[in-house]
Amino acid sequence: MLTPSRYPYDDPQFATVPKADAFREAAVQLGLDWQLPPLAVAFASEPGGQPGLSLPVIEPSYGNLHGQPRLTCRLCGECDFGCNYGAKNSLDHTYLSAAKAAGADLRTLCEVQAIRPGGPGYQVRYLLHAMDGSSVSKRIDCEQLILAAGSFGTTRLLLGNRAHLPGLSPTLGSRFSGNGDMLSFALHTRRDGRPRTMHASRGPVITSTIRVPDEVDEDGSVGRGFYIQDSGYPVILDWIVQNMDVRGDLSRLAGFSLNRLRAALRWAGPDHLEHGIGQLIGSGSLSNCSLPLLGMGRDVPDGVMRLRDGELDVSWTTETSRTYIDRVRGTMKDITSALGGEYVDNPLWFRKRLAVAHPLGGAPIGRHPGEGVCDPYGEVFGHPGLKKKKWRRHAGAGGCEPLTDDRRDGRPSLRSSVARARDGGEVARARWSAPFRGNDAGHSGRTGPSQRGSDRCSRPLVHRGDGRPGHPR
Ligand SMILES: Cc1cc2nc3c(=O)[nH]c(=O)nc-3n(C[C@H](O)[C@H](O)[C@H](O)COP(=O)(O)OP(=O)(O)OC[C@H]3O[C@@H](n4cnc5c(N)ncnc54)[C@H](O)[C@@H]3O)c2cc1C
Ligand code: SF4
């Protein structure tokens, strides 16, 4: 349903994203595995069609719940904040639209507060908020209850309702991880002594990926593996980034002022005001020749979530993952050098903190309640019909973006859970296939140097094919 496709790197209309070329060149230079990951973005009017910029997207049979036309990707780089053109195959355009078309009742502005066993299965109490700030309490009864409030929201709901859900696993709140997320910057990139354009605001926020192997690949690799991706941002950030170049601004202002003074005193030939203004504005090289680098991988999932005064409190340290973090930073530095740039850590790192976009854990999967909160189908142990939505089959960091991790087998666990309920308890064992296949038929053919592809992307998951989870730490 997410219909992922790779960036059409070879198509002339899409061959205008310098960051992807630069990333590939850096990978070749460093001997790293470069690939185009599957992206849940429409580059063609329909899956498998001819790519093109701003083409009308042909909707699936269930349409979209916004009732608005959608266009294919136009490379605007705004993916961080959403997509105003409907090119991203996000939840509203996929599962929610399909659910609505199938008759689901979608309710917004509803905040779940209490979960109680009772009635046919569970009673859910929630606040229905109004735009004027008021709210009314409501209740709904259900046979099956699927918690899909994210790592923080789901864990908080389970912790807050623990007293009414007897026998919840003692592992509730454990195995939190930031999915190994790291953010660093390659600034002022250069080639042959000249500024090298990155145009980080052009193209989808993630276009290509470098994969560094993991010890669980069982190919002789050592250490915890990870991905590094060429990131991007909306063009508005170019202006903000450029204005952060205070040293350059001051030096240009001083030069401009001196020139104006000399012109006023007629020390220097004719008055080249236009040239002076051009110099004052500068070349924009900081914004134009810089690239955010995104890392994610298999950090140590040892964070703990608790309730403190009713608020969720996360206790998590980067200390236990320092070997992994330093390895990612080392490779990011190598990539930056290959791009002729200056490496800069995310400012949060000065306090040994990380910016995390993929929080995971809190309600881990296990084989029994002593090992996890729910079984491999997401059903909470001891509470039939109470399920945790999960994109992942495993309880620790997987190293990919969460949505790419589980979607490629076409059988998200939620669907398995629903199928099992519908079929009276049994569902065929899920077959697993790796999400990022660098060398499969969908690849552009312009692969990185190793040609190994990445069918090991999800190897951090020790998947036994029998529905049992593996828990590599
Ligand atoms: C900037 C950014 C970029 C990202 N880019 C990517 C990417 O490129 N690829 C990728 O795979 N992932 C990406 N991610 C991660 C991805 O967005 C998340 O992994 C994913 O959204 C998690 O989905 P979820 O449904 O589990 O939780 P969420 O998306 O967090 O949804 C949980 C929902 O539950 C609601 N909720 C919480 N508590 C309650 C309650 N008590 N009652 C009612 N509702 C409640 C919340 O309001 C929220 O709407 C990115 C994340 C960020 C922040
Ligand atoms: S670059 Fe991102 S935000 Fe812009 S059109 Fe493409 S998918 Fe949408």
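This passage describes the fold, the nonpolar cores, one helix and its covering strands, and several individual residues of a predicted model.

In this predicted model, local features are reported at pLDDT of at least 70 and side-chain atom pairs only at pLDDT 80 or more, while totals for chains, interfaces and linings use all residues. Residues are numbered from 1 along each chain as its sequence is written, and chains are lettered from A and ligands numbered from 1 in the order in which they are written.

The secondary structure of the protein chain amounts to 10 helices and 17 strands, where helices (H or I, at least four residues) and strands (E, at least two) are DSSP runs numbered from the N terminus. Of its 473 residues, 40% are buried; a residue is called buried if 20 or more other C-beta atoms, placed from the backbone, lie within 10 Å of its own, exposed if 12 or fewer do, and partly exposed in between. With contact defined as C-beta atoms, placed from the backbone, within 7 Å, 69% of the contacts between residues at least 6 apart in sequence join residues at least 24 apart.

A nonpolar core is taken as a set of buried Ala, Val, Leu, Ile, Met, Phe, Trp, Tyr and Cys residues joined through C-beta atoms within 7 Å. The largest such core holds 48 residues, of which F23, V41, A186, I210, I228, L293 and I335 touch the most other members. At least two residues of this core come from each of α1 (18-30), β8 (182-187), β11 (209-212), β12 (226-230), β13 (291-297) and α8 (322-338). Another core, of 15 residues, lies apart from it and includes L158, L172, V380 and F381. Beyond its neighbours within four places in sequence, I210 contacts F23, A27, L32, D33, W34, Y227 and I228.

Helix α1 has 13 residues, and its end C-alpha atoms are 18 Å apart, which agrees with the 18 Å expected at 1.5 Å a residue, the expected span being 1.5 Å times one less than the number of residues. Its buried residues are P18, K19, A20, A22, F23, R24, A26 and A27, and the elements that cover them include β2 (33-35), β11, β12, β13 and α8. Just after α1, G31 adopts a positive phi of about 70°.

Among the covering strands, β12 has five of its five residues buried, with F226, I228 and D230 on one side and Y227 and Q229 on the other. Strands are said to pair if DSSP finds at least two bridges between them. On this basis β12 pairs in the antiparallel sense with β11 over four bridges and with β13 over five; Y227 is the bridge partner of R211, and L294 that of Q229.

Two residues other than glycine also have a positive phi. L109, with a phi of about 60°, lies in the loop between α2 and β4 (110-118) and is exposed, because 11 other C-beta atoms lie within 10 Å. H188, with a phi near 50°, lies in the loop between β8 and β9 (190-191) and is partly exposed, because 19 other C-beta atoms lie within 10 Å.

D80, in the loop between β3 (38-39) and α2 (95-101), is partly exposed, with 13 other C-beta atoms within 10 Å. Leaving out residues up to four places away in sequence, D80 touches V205, Y233 and P234; D80 and Y233 are 153 residues apart in sequence and 6.6 Å apart in space, C-alpha to C-alpha.

Terms used
Contact = placed C-beta atoms within 7 Å.
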